[in-house]
Amino acid sequence: MRGYDGVLMEDRLRELAGHLRGPARLKTDLLTEARHALLDAAAAYREGGLPAVEAERRAVAEFGSAAQLVPGYQAELAAGALRRLALRALAVAVALMAGGDLTWRGSHWRGGPPPEGYQLLSASLNGIWGLVAGLALAGLLLGFLAARYGSARLPRLGRAVGFGLTGALGLGALAASALLAWSIGLWQAALTWPPMIVGTVLVGVGWFALARAARCWLLTAR
């Protein structure tokens, strides 16, 4: 029949999967939904009297080509990746703002007040985490809305927030590393201070999770 492209169900799903980038679980869920939709359509055509292969081809042809399907599915993946990045960024930002000073509490600091530059960097870091938290909240909201509404503006806004959040996280990582190195330079006992060691390990784990989420989002946004 006219309009058949000769591509069977699994071929179309593999083609679609090859073009999609994003969170693995969400991608699997989307492809599973697509497979169920194709199976249901093919079953309906078989019940209408078409042979099995022809029914499958009709279902695949009407489902759409990969070029037609990828933009919509990729938008869903980008929204999911932004939600995951924003959630992790918000958790890390809140934890650092709330618990950053705990690493020093009870320490036997013998020096005078830290240099003005150190204090400025510390205050700036708190501002960066506040910015990260704000962008993360915006990302969660936009990711939620983009998953439910088809407005063309939402994905564009999500990309802008995602790039801003990624940039703020990068800036925060640089500032935090500089502050840690400066702290050790001012008080070498920080290397053996238990709260500092525990805090550094926990922050490292958080940054590893953030780096993975940021990389995933950037891949979806390409």
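Author: Helix axes here are lines fitted to C-alpha atoms over the stretch in contact, and the angle between two N-to-C directions runs from 0 to 180 degrees. The model discussed is predicted.

Reader: At what angle do helix α2 and helix α3 pack?

Author: Helix α2 covers residues 24-47 and helix α3 covers residues 52-63. Their axes are 8 Å apart. The angle at which α2 and α3 pack is about 130 degrees.

Reader: What does that make α2 relative to α3?

Author: Angles over 145 degrees count as roughly antiparallel and 65 to 115 as roughly perpendicular. The angle for α2 and α3 is about 130 degrees. That value belongs to neither class, so α2 is, relative to α3, oblique.

Reader: How many charged residues does the contact of α2 with α3 have?

Author: α2 passes α3 in a right-handed crossing. On the α2 side the contact includes Tyr45 and Arg46, and on the α3 side it includes Glu56, Arg58, Glu62 and Phe63. By class there are 11 nonpolar residues and no polar ones, and the number of charged residues is four.

Reader: Are α1 and α2 roughly parallel or roughly antiparallel to each other?

Author: Helix α1, residues 9-19, packs against α2 with the axes 11 Å apart and at an angle of about 155 degrees. The cut-off for the antiparallel class is over 145 degrees. The two helices α1 and α2 are therefore roughly antiparallel.

Reader: Which residues in α2 meet α1?

Author: The crossing of α1 and α2 is right-handed. By class, this contact has nine nonpolar, no polar and three charged residues. From α1 come Met9, Glu10, Leu13, Leu16 and Ala17. The residues in α2 that they meet are Lys27, Leu31, Ala34, Arg35, Leu38, Leu39 and Ala42.

Reader: How many charged residues are there in the contact of α5 with α6?

Author: Helix α5 (residues 116-146) and helix α6 (residues 153-186) have axes 8 Å apart and an angle of about 155 degrees, so α5 and α6 are roughly antiparallel. α5 passes α6 in a left-handed crossing. The residues of this contact divide into 26 nonpolar and seven polar, and the number of charged residues is zero.

Reader: Is Gly139 buried or exposed?

Author: Gly139 lies in helix α5. Leaving out residues up to four places away in sequence, Gly139 touches Leu82, Ala86 and Val161. Its relative accessibility is 0%. Because the cut-off is under 20%, Gly139 counts as buried.

Reader: What separates the C-alpha atoms of Gly139 and Ala79?

Author: Along the chain, Gly139 and Ala79 are 60 residues apart. In space, the separation of their C-alpha atoms is 8.8 Å.

Reader: Which residues does Ala66 touch, not counting those up to four places away in sequence?

Author: Ala66 is found in helix α4, residues 66-99, and is buried, with a relative accessible area of 5%. Ala66 and Glu15 are 51 residues apart in sequence, and their C-alpha atoms are 6.6 Å apart. The residues that Ala66 touches are Arg12 and Glu15.

Reader: What share of the contacts with a separation of 6 or more do residues 24 or more positions apart account for?

Author: The protein chain has seven helices and zero strands. Buried residues make up 33% of its 222 residues. Of the contacts with a separation of 6 or more, the share from residues 24 or more positions apart is 83%.

Reader: How much of the area that the protein chain exposes do carbon and sulfur atoms supply?

Author: The protein chain exposes about 12,700 Å². The part supplied by carbon and sulfur atoms is 63%.

Conventions:
Residues are numbered from 1 along each chain as its sequence is written. This is a predicted model: local features need pLDDT of at least 70, side-chain atom pairs count only at pLDDT 80 or more; totals for chains, interfaces and linings use all residues. Side-chain values use heavy atoms; hydrogens and water are left out. Helices (H or I, at least four residues) and strands (E, at least two) are DSSP runs, numbered from the N terminus. Angles under 35 degrees count as roughly parallel, over 145 as roughly antiparallel, 65 to 115 as roughly perpendicular and the rest as oblique. A crossing is left-handed if the near helix is turned anticlockwise from the far one by less than a right angle, and right-handed if clockwise. Ala, Val, Leu, Ile, Met, Phe, Trp, Tyr, Cys and Pro count as nonpolar, Asp, Glu, Lys and Arg as charged, and the others, Gly among them, as polar. Buried means under 20% relative accessible area, exposed over 50%, partly exposed in between (1.4 Å probe, protein chains only). Contact means heavy atoms within 4.5 Å. Accessible areas come from the Shrake-Rupley method with a 1.4 Å probe; for residues, only the protein chains shown count as cover.
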